[in-house]
Amino acid sequence: MIMKMNKLTLSIILAMVLGIATGQILRWYFPEQAQTFADSITILTDIFLNLIKMIIAPLVFTTLTVGIAKMGDSRTVGRVGLKTLSWFMMASVISLLLGLLMVSLLEPGVGLDLALPDSHAATGLEAGGLSLREFVSHAIPKSVIGAMADNEILQIVVFSLFFGLAAAACGEHAKPVISVLSSGADIMLKVTAYVMNFAPFAVFAAIGAMVAKEGSGILLTYGSFMGQFYLSMGLLWLVLIAAGSLFLGGRIRRLLSLMREPLLLAFSTASSESAYPKMLQRLEEFGCSKRISSFVLPMGYSFNLDGSMMYCTFATMFIAQAYGFELSLGQQLTMLLLLMVTSKGMAGVPRASLVVIAATLGQFNIPEAGILLLLGVDHFLDMGRSATNVLGNSIAASVVAKSENALSDTADIVPQPQAEVA
């Protein structure tokens, strides 16, 4: 198993182990330096995530525009879009319902009997979940330059849809532009390979800083809640993989093998964004047409955050249980519908899941300060959420490609060179 891993994957795993060890050693022997170390070393993580953000906008625009232009007419785009959104809706409902079912069965907050917090307790978050009207309005960019500057993926997707459809309608006249954009996409993928060489250093910094500040003891304090959440997340993985295997058959194992590195990246950096460029490459190696994957993945980052959606229901009910609030079945169903809408605006928002949860709590008169119960371990939970988002979107892209007869046999795919660690 280990021999099959490339150097980057091994480096990331090693960086995680070294990060944990370094952070814990600082906690034991140099506690007065732990905070300073954490504040200083995270510059490596910031650099990596900024590099990722630097390439996301041009990568999404070029690959999505070229993909749509090569699809041809708008009917093909509409058909693929309908299939994509249908899969996303199914996955969203499953994630929300499974989260609600598991938190109701496991009852992680029952028995805590916490006193209601001060209504003025500061959470550091703005409980401003997007309404449906705000979401639709926000999706339309006022300026494509502004959307790219702010890395508003959904807005970039909307502009790319219009641009790609217009290019397809122009036919031969637009081919030189599409050719330039196709070359631009290839260049951005090469830039991605360079950026990925920095990933192990960012992983070491993120894990080391986290353990240095919080200590491994926080995992024991919240161990029961975290264990139950990860158990629920594991069940979601099984459901998503089972749903994917209905369409992909035995090839689902090959997909999971190829996605190992993007999953590791998302988990260790707690950012599904960091895995996006590598996902595009891995899906192409799997045989997924680039025009399909470059269409599905950007949409998935706004509409198919399976791990984040499960966490929203799980965490909201946990807080309600901890304070002794009982929600009726009708209220729970209302909560699911509310989360179905508000969660679609969480892409690109810092600590987005917590913002959505805070907004949801307020709708049911549950103290928003209950978010404070989660802040200490949110990063650990975000690691699992991010990896789950990557899994869900990779399966979605593969299934849509299969339904469009755009999934080649892996034997016909020329393997792409792997990014080496400098």
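**Exercise 1. Place A242 and decide how accessible the residue is.**

*Solution.* A242 lies in helix α10. The model examined here is a predicted one. The relative accessible area of A242 is 40%. Buried means under 20% and exposed means over 50%, so A242, at 40%, is partly exposed. As a last step, consider a neighbour in space: the C-alpha atoms of A242 and I252 are 8.9 Å apart, and the two residues are 10 apart in sequence.

**Exercise 2. Determine how helix α10 and helix α19 are oriented to each other.**

*Solution.* Two packed helices are described by the angle between their axes and the distance between the axes. For helix α10 (residues 223-248) and α19, the angle is about 5° and the axes are 10 Å apart. Angles under 35 degrees count as roughly parallel; α10 and α19 are therefore roughly parallel to each other. The contact of α10 with α19 contains 18 nonpolar, 5 polar and 2 charged residues.

**Exercise 3. Carry out the corresponding analysis for α15 and α19.**

*Solution.* Begin with the geometry: helix α15 (residues 306-322) packs against helix α19 (residues 378-403) at an angle of about 135°, and their axes are 6 Å apart. Next, apply the cut-offs. Angles under 35 degrees are roughly parallel, those over 145 roughly antiparallel, and those from 65 to 115 roughly perpendicular, while the rest are oblique. The pair α15 and α19 is therefore oblique. Then identify the participants: from α15 come D306, G307, S308 and Y311, and from α19 come D378, L381, R385, T388, N389 and G392. By class, the residues of this contact comprise 2 nonpolar, 5 polar and 3 charged.

**Exercise 4. Test whether the length of helix α8 agrees with the expected span, and describe how the helix is covered.**

*Solution.* Helix α8 covers residues 199-214, which is 16 residues. The expected span is 1.5 Å times one less than the number of residues, which gives 22 Å for α8. The end C-alpha atoms of α8 are 22 Å apart, so the two values agree. As to coverage, 12 of the 16 residues of α8 are buried; among them are A199, P200, V203, I207 and M210. Just after α8, G215 takes a positive phi of about 80°.

I207 also allows a link to another helix. The C-alpha atoms of I207 and L18 are separated by 8.6 Å, although the residues are 189 apart along the chain. L18 belongs to helix α1 (residues 7-29) and is partly exposed, at 44% relative accessible area.

**Exercise 5. Examine the spans 191-209 and 229-250, which an unreviewed UniProt entry lists as transmembrane region.**

*Solution.* Consider each span in turn. Residues 191-209 are 89% helix and 0% strand, with end C-alpha atoms 27 Å apart. Residues 229-250 are 91% helix and 0% strand, and the end C-alpha atoms of this span lie 28 Å apart. For the chain as a whole, the count is 19 helices and 0 strands.

**Exercise 6. Compare the settings of E107 and N405, two residues with positive phi.**

*Solution.* First, take the angles: phi is near 50° for E107 and about 55° for N405, which is not a glycine. Second, locate the residues. E107 lies in the loop between α3 (74-106) and α4 (132-139), whereas N405 is in the segment after α19. Third, classify their accessibility: E107, at 39%, is partly exposed, while N405, at 75%, counts as exposed.

Definitions and conventions: Residues numbered from 1 in each chain as written. Predicted model: local features only at pLDDT ≥ 70, side-chain atom pairs only at ≥ 80, totals over all residues. Heavy atoms only, no water. Helix = DSSP H or I, 4+ residues; strand = E, 2+ residues; numbered from the N terminus. Buried < 20%, exposed > 50% of the residue type's maximum accessible area, 1.4 Å probe, protein only. Axes fitted to C-alpha atoms, helices over the stretch in contact; angles between N-to-C directions. Nonpolar A, V, L, I, M, F, W, Y, C, P; charged D, E, K, R; others polar. UniProt positions renumbered as here; feature names shortened; annotations may be inferred.
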